[in-house]
Amino acid sequence: MPHQQHVMLYFLRNRELNELYLTITIRAFAISMIGIFIPIFLLQLNYSLPQVMVFFVILAGVHSVSSLPAAKLSSRFGFKHSILFSRVLWIIALLFLITLEQINWPLYVPAILLGVSGALFWVGYHVDFAKFSDKKKRGREVSISKIASSLFNVLGPLVGGIILVFFGFASLFVFASVLMIVGVVPLFFSKDIHNPIEFSLKELFKGQKIKDGLSFIGAGIESGLSQVMWPIFIFFLILGEQYTSLGLVSSLSLFFSFLLTFAVGKFSDVKRGLVLKIGAITNAIVWIFRAFVKTTLHVFVIDSFGGISKTLIGVPFEARSYDKANKSNIVRFIAYRETIINASRAVFFVVMIFVADLASSFIFGGSAGSLLHLLF
């Protein structure tokens with residue numbers, strides 16, 4: 001009991017981490033309400049599936065090439081200001097999306113804005129977390145971050161689906177935008193970090209381990225499948241195009257993830273590599289089973305197991321990323337990570353333009369992407 005009280009007091013006293021927890025929680029609620037529905041929204045505006053894939057190719061590609069400039073800008077102006085700028089761009093991108101039908105903007109415009117926004121946010125967030133987390137408690141600190149966001153992640157898709165049914169996409173986008181602005185306020189309760197750095201694209205890759213790069217490629221492929229292809233697959237082919245059903249399925253997955261998160265974080269502080277291996281193998285098996293889903297019940301069952309496997313792989317992967325970042329140049333390593341993950345995601349979406357069989361992509365892409373984490 002005294003040890004547990006000591007740990008909790010440590011977390012309460014770590015102001016920087018507490019600010020990040022609060023910020024990621026509010027952002028997670030906004031993103032989870034809307035993110036899963038964006039590909040559905042575009043398809044229902046009569047964009048073809050290849051056009052939607054091109055949208056995500058541009059988004060991920062811009063995120064990748066923007067990661068190095070984002071790292072330099074963040075280090076110059078402050079990592080918290082980087083997160084603030086990312087929110088502004090995200091809201092502007094949403095304005096373009098909700099007016100697509102009326103004004104017929106080029107689809108690449110919101111994709112570019114979202115890509116730059118993603119680079120600014122994740123570079124700023126990961127660098128801040130790597131700097132202020134404690135190596136000995138990092139698994140638990142990552143798990144607390146995921147628990148904090150999961151509390152609202154569980155509700156986000158369901159709330160988003162209900163708002164869509166009764167009020168439409170415009171109302172959902174406005175509500176999410178307000179949350180994004182509110183969510184950045186806690187970051188500025190303390191001083192921002194300014195740590196100017198100078199390194200080139202060539203130096204970004206210098207000294208990086210091939211195994212780390214392959215693991216990041218796996219993370220990019222797996223996240224592309226889970227965030228875009230899986231929702232499209234179950235929404236149109238299994239759930240009968242029901243927003244509330246899609247939201248409920250996503251919330252259920254996040255609920256099971258939430259239940260397991262702190263235990264995984266605590267254990268990963270002792271056996272980080274072992275937990276990551278178990279997660280990689282378990283998640284690969286879950287992706288194989290996704291290919292054979294036929295009914296709504298199947299979706300609920302497999303997404304429940306998916307929530308568990310995602311936690312087993314996600315917590316130690318993030319914690320080990322911060323470990324590796326602290327052993328080298330933190331900003332350079334995080335920029336490298338974001339560049340590789342999103343470049344691989346962009347390439348994956350290019351491939352999906354020409355692949356009609358989504359089930360096969362789950363078997364080969366999802367399982368391979370998960371197993372590449374074994375190299376990390």
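# Exercises on a helical chain

Among contacts in the chain (heavy atoms within 4.5 Å) between residues at least 6 apart in sequence, 88% join residues at least 24 apart. Before you start, note that this is a predicted model in which local features need pLDDT of at least 70 and side-chain atom pairs count only at pLDDT 80 or more, while totals for chains, interfaces and linings use all residues. Residues are numbered from 1 along each chain as its sequence is written, and side-chain values use heavy atoms, with hydrogens and water left out.

## Exercise 1: the overall make-up

Task: state how many helices and strands the chain has, and what share of its residues is buried.

Solution. Begin with the DSSP runs: helices are H or I runs of at least four residues, strands are E runs of at least two, and both are numbered from the N terminus. The chain comes to 17 helices and zero strands. Next, take relative accessible area: buried means under 20%, exposed over 50% and partly exposed in between, with a 1.4 Å probe and protein chains only. Of the 376 residues in the chain, 59% are buried.

## Exercise 2: aromatic pairs around Phe 349

Task: count the aromatic pairs in the model, then classify the pair Phe 56 and Phe 349.

Solution. First, the rule: rings of Phe, Tyr and Trp (its six-membered ring) pair if their centres lie within 6.5 Å; planes under 30 degrees apart count as stacked, over 60 as edge-to-face and the rest as tilted. The count by this rule is 16 aromatic pairs. For Phe 56 and Phe 349, the ring centres are 5.6 Å apart and the planes stand at 40°, so this pair is tilted. Now place the two residues: Phe 56 belongs to helix H4 (residues 49-77) and Phe 349 to helix H16 (residues 330-353), so the pair links distant parts of the chain, 293 residues apart. Both Phe 56 and Phe 349 are buried. Phe 349 also forms a tilted pair with Phe 348, at 5.4 Å centre to centre and 55° between the planes. Phe 348 is buried too. Finally, look for a bigger group: one aromatic cluster is formed by Phe 205, Phe 216, Phe 317, Phe 333, Tyr 336 and Phe 376.

## Exercise 3: charges over rings

Task: find which rings Arg 27 and Arg 290 lie over.

Solution. The test asks for NZ of Lys or CZ of Arg within 6 Å of the ring centre and within 35 degrees of the ring normal. Arg 27 lies over the face of Phe 121, 3.9 Å from the ring centre. Arg 290 has its charged end over the ring of Trp 287, at 4.4 Å from the centre.

## Exercise 4: two crossings with H16

Task: describe how H7 and H15 each cross H16.

Solution. Axes are lines fitted to C-alpha atoms, for helices over the stretch in contact, and angles run from 0 to 180 degrees between N-to-C directions. Start with helix H7 (residues 108-132): its axis and that of H16 come within 9 Å and cross at roughly 135°. That makes H7 oblique to H16 (under 35 degrees is roughly parallel, over 145 roughly antiparallel, 65 to 115 roughly perpendicular, the rest oblique). The crossing is right-handed (the near helix is turned clockwise from the far one by less than a right angle; anticlockwise would be left-handed). Residues of H7 in contact include Trp 122 and His 126, and those of H16 include Ile 330 and Arg 337.

Turn to H15. The axes of H15 and H16 come within 7 Å and cross at roughly 135°, and the two helices are therefore oblique to each other. This crossing is right-handed. Among the residues that make the contact are Phe 317 and Ser 321 of H15, and Phe 333 and Ile 334 of H16.

## Exercise 5: four single residues

Task: decide whether Phe 175, Val 293, Asn 46 and Asn 104 are buried, exposed or partly exposed.

Solution. Phe 175, in helix H10 (residues 169-184), is partly exposed, at 35% relative accessibility. Leaving out residues up to four places away in sequence, Phe 175 touches Met 33 and Ile 163. Val 293, in the loop between helix H14 (272-290) and helix H15 (296-326), is buried, with a relative accessible area of 4%.

Asn 46 is exposed at 72% and has a positive phi of about 75° although it is not a glycine. Asn 104 is exposed at 58%, with a positive phi of about 60° although it is not a glycine.
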